[in-house]
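Colleague: Please take me through this model by question and answer, with the cut-offs stated as we go.

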Amino acid sequence: MSQSPTDGVHPSPSHRFIPRLLQRTGPLTESIALSESDFSPRLLPQQIQGDRATASVCGFCSTGCNLNVHQRGDEAIGLSPATDYPVNLGMACPKGWEALAVLDAPDRATRPLLRRGAGKLEPVSWDVAATTFVDRMQAIQREHGPQSVAFLSTGQIVTEEMALLGAVAKFGMGMLHGDGNTRQCMATAVVAYKQAFGFDAPPYTYADFEQSDTIVLVGSNLCIAHPILWQRVMRNQFEPQIIAIDPRTTETTMAATQHLALQPKSDLTLFYGVANLLIERDWIDREFIDAHTNGFDEFAAFVRSFPLSRVVAETGLAAEAIERFAESIHNGLRVSFWWTMGVNQSHQAVRTAQAIINLALMTGNIGRPGTGANSITGQCNAMGSRLFSNTTNLLGGRDFANPEHRQKVAGILAIDESRIPHEASWPYHRIMEGILRREIRGLWVVATNPAHSWTNQETARDMLSRLDFLVVQDMYHSTETARIADLVLPAAGWGEKEGTFINSERRIGVTSKVARAPGEALADFHIFKLLAEYWGCGEMFRRWESPAAAFEILKQLSAGQPCDVAGIEGYAMLRERGGVQWPYPADSDEHATERRLFADGRFFHPDGRAKFICEEPRPLPEPTTSKFPFTLLTGRGSVAQWHTQTRTAKSAVLRKLYPQELYVEINPLDAAEREIGSGDLVVVASQRGEVQGRAMVTPAVQPGQLFIPMHYEATNRLTHPSFDPYSHQPSYKACAVRIERAARH
């Protein structure tokens, strides 16, 4: 009798696994099987098919993607990107896919916490928390004046909350000083646009990524910092020239057609030199310049002092590369210029941004499809903060020093005009310095983490420790700033409240409440209302009944301004239209989903013209020395990381997508000289502190340069506290350091 193939024989491993691979049913199969949904055009796994879907703009970056949150009863069970939203067109990055996961973290702040005599934060009731807030802050004001307490806000909360905070703090509580963490990312673009255009007005729409034939990216690793926008570039049908200007080789520069790997912070010299080449070769749009700008002749005379030889010497670029860049601008029919933190976080950031604006103006590349001088924002609601946070601008992009503006705002809010300060707040760094000088004694920190994110971290933490009273209002009790607070107020996060965000392209979109905040946590909006009542100024804010009611007030405050949105009928219209870009005044009948500014050639200065602005470049505030021979660069690490990782670190999925340990990129030549290999433990030190990390030997950085991602807690021990003189934005991107192998024990 013949023997069966398996009689007395153990099957091979491959045979054992075949039945499992072919299994038609079971939990793993069900988790990936797709089927039709009643409420979504997508095929979806059964496990996230609830009974409805609620659309909500994502709460991470400024791209402003729309996500469909799938719900079953009161529970949010999953999400998928909206296919018909004009921003993301059915796409989402890893952070967006994990937006719900970070809400269930075990370190959520669920009850108010007060530091008592024993020195520990202990749970208290909201009544005790609000009473303590008022008693301590008012006591400081009585002894040291109303200006002795301040607030630091954020680009992470909804516009209605930002406006309410700014109004309550300044008009109700009498605070003079309050700034936001948008000072760390977008202040430069704000000032550059105001000075050049007459208002903080990013002119573009995301469709311009698809309509340009020449795309210039300056200090922007778009692939990982704004991956959905990079996907818009990939949809471009014109086979565009992509010119990436960055000292480092990044994911974006590797995909570009030209990479200008210039020396750190030499971009201002580069742009002046390119402008000079364009003028010398008559590659400019003289008709546009004469009709729509001021100051060109003075600018042309200024850039004559930037001949090609000077630009080569100061940037380290080859003359041929610089000339090719100029030729690409000239040959392009639709040239768009884009910048992010690589420009904004610099000691001469505003003038660099304006040098980019100058190139767009002199070549007529503005106001047309596929053109523009375009800043890409960082945080989800940085644009909302810029217009409505009531910090360094009066509500609606107005001026505290303008009597007509104060009168207008007072009339709309039905408050005494004397409650409105006559001057803008100190910027962020001046508030921090005010703590050292004992001018600021009480500080209210809302949804931001300065003990991690502020430059020269050890000094920043020392500053915060000197306060008489530190209040932190946040989703998590575990942030570096919350851990040193005297009072922690538990706040709801994205997905647990509603309101609006304004994205990089000026699109106002709705973020929805799809889950309940844990424990006793409240929406920031309701915390501000509660504290106003305890303070005794609640009557001033009765009309601010809800975020939707607050939006109606913001519409009135915007009326007549360049950011006028009085024609938006409400949240329902925003949802129906896929968001609306400002301006949208009351008489608007514009239904286009994509709209850019300056198509008529008129800008926001009184004469309707844009301005050419220039200034001699300045040297790095902290040049390298024999003791600190390297220039440290910082920036985005991976697509899965976000700022201080307060939220992204809560996702098990996102944590798997980036190294958990701080790492340092070093060029192979420098590594060999110091006998450093990839994976070695190294110490990087500046004059302010030192960090340990793992070496990553790579030609991505040039000799004499190091790179460390900004997300790790220790990174800002190294950074230099220098600031742009106009925007007061910190220069995180270049300081002097040394590196050596860590001592072996």
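The exchange below covers salt bridges, two helices, one residue and the empty spaces.

Modeller: This is a predicted model, in which local features need pLDDT of at least 70, side-chain atom pairs count only at pLDDT 80 or more, and totals for chains, interfaces and linings use all residues. Residues are numbered from 1 along each chain as its sequence is written, and side-chain values use heavy atoms, with hydrogens and water left out.

Colleague: How many salt bridges does the count come to?

Modeller: A salt bridge here is a side-chain nitrogen of Lys or Arg within 4 Å of a carboxyl oxygen of Asp or Glu. By this rule the count is 36.

Colleague: Which residue meets R281 in a salt bridge, and where does that partner lie?

Modeller: Helices (DSSP runs of H or I, at least four residues) and strands (runs of E, at least two) are numbered from the N terminus. R281 is in the loop between α11 (267-280) and α12 (286-292), and its partner is 42 residues apart from it. The N to O distance is 2.7 Å, and the partner is E323, in helix α15 (residues 319-331).

Colleague: Is R406, which pairs with E417, buried or exposed?

Modeller: The salt bridge between R406 and E417 has an N to O distance of 3.9 Å. R406 lies in helix α19 (residues 403-413) and E417 in the loop between α19 and α20 (428-436), so the pair ties together parts 11 residues apart in sequence. Buried means under 20% relative accessible area, exposed over 50%, and partly exposed in between, with a 1.4 Å probe and protein chains only. E417, at 30%, is partly exposed, whereas R406, at 6%, is buried.

Colleague: Which residue forms a salt bridge with R441?

Modeller: R441 lies in the loop between α20 and β16 (442-446), and its partner in the loop between α22 (457-465) and β17 (469-474), so the pair ties together parts 27 residues apart in sequence. R441 is buried, at 15% relative accessible area, while the partner is partly exposed, at 30%. The closest N and O atoms are 3.6 Å apart, and the partner is D468.

Colleague: Which residues do salt bridges that share partners join into one network?

Modeller: Shared partners link these salt bridges into one network. Its members are E210, R232, R235, E505, R507 and E594.

Colleague: How many of the residues of α17 are buried?

Modeller: Helix α17 (residues 349-362) has 14 residues and reaches 20 Å from its first C-alpha to its last. That is close to the expected 20 Å, where the expected span is 1.5 Å times one less than the number of residues. G364, with a positive phi near 70 degrees, follows α17. The helix is largely enclosed by the rest of the structure, because the buried residues number 14 of the 14.

Colleague: Which residue just after α24 takes a positive phi?

Modeller: Helix α24 (residues 547-558) has 12 residues and reaches 16 Å, close to the 16 Å expected. Its buried residues are P547, A550, F551, I553, L554, K555, L557 and S558. The positive phi, about 85 degrees, belongs to G560.

Colleague: Which residues is T253 in contact with, leaving aside neighbours within four places in sequence?

Modeller: T253 lies in helix α10 (residues 251-255) and is buried, at 6% relative accessibility. Contact means heavy atoms within 4.5 Å. By that rule the contacts are A244, D246, R248 and H259.

Colleague: Which helix gives the largest share of the lining of the largest pocket?

Modeller: On a 1 Å grid over the protein atoms alone, a pocket is an open set of points with protein on both sides within 12 Å along at least five of seven lines, a cavity is a set where a 1.4 Å probe fits but cannot get out, and lining residues have an atom within 4 Å of a point. The largest pocket holds about 690 Å³, the volume being the space filled by probe spheres set on the points, which are joined across faces, edges and corners. Of its 35 lining residues, V190, K194, T392, N393 and R398 are closest to the centre. The largest share, 5 residues, comes from α6.

Colleague: What is the volume of the second largest cavity?

Modeller: The count comes to 5 cavities of 30 Å³ or more. The second largest is lined by 13 residues, with C58, C61, C65, C93 and G96 nearest its centre. Its volume is about 90 Å³.
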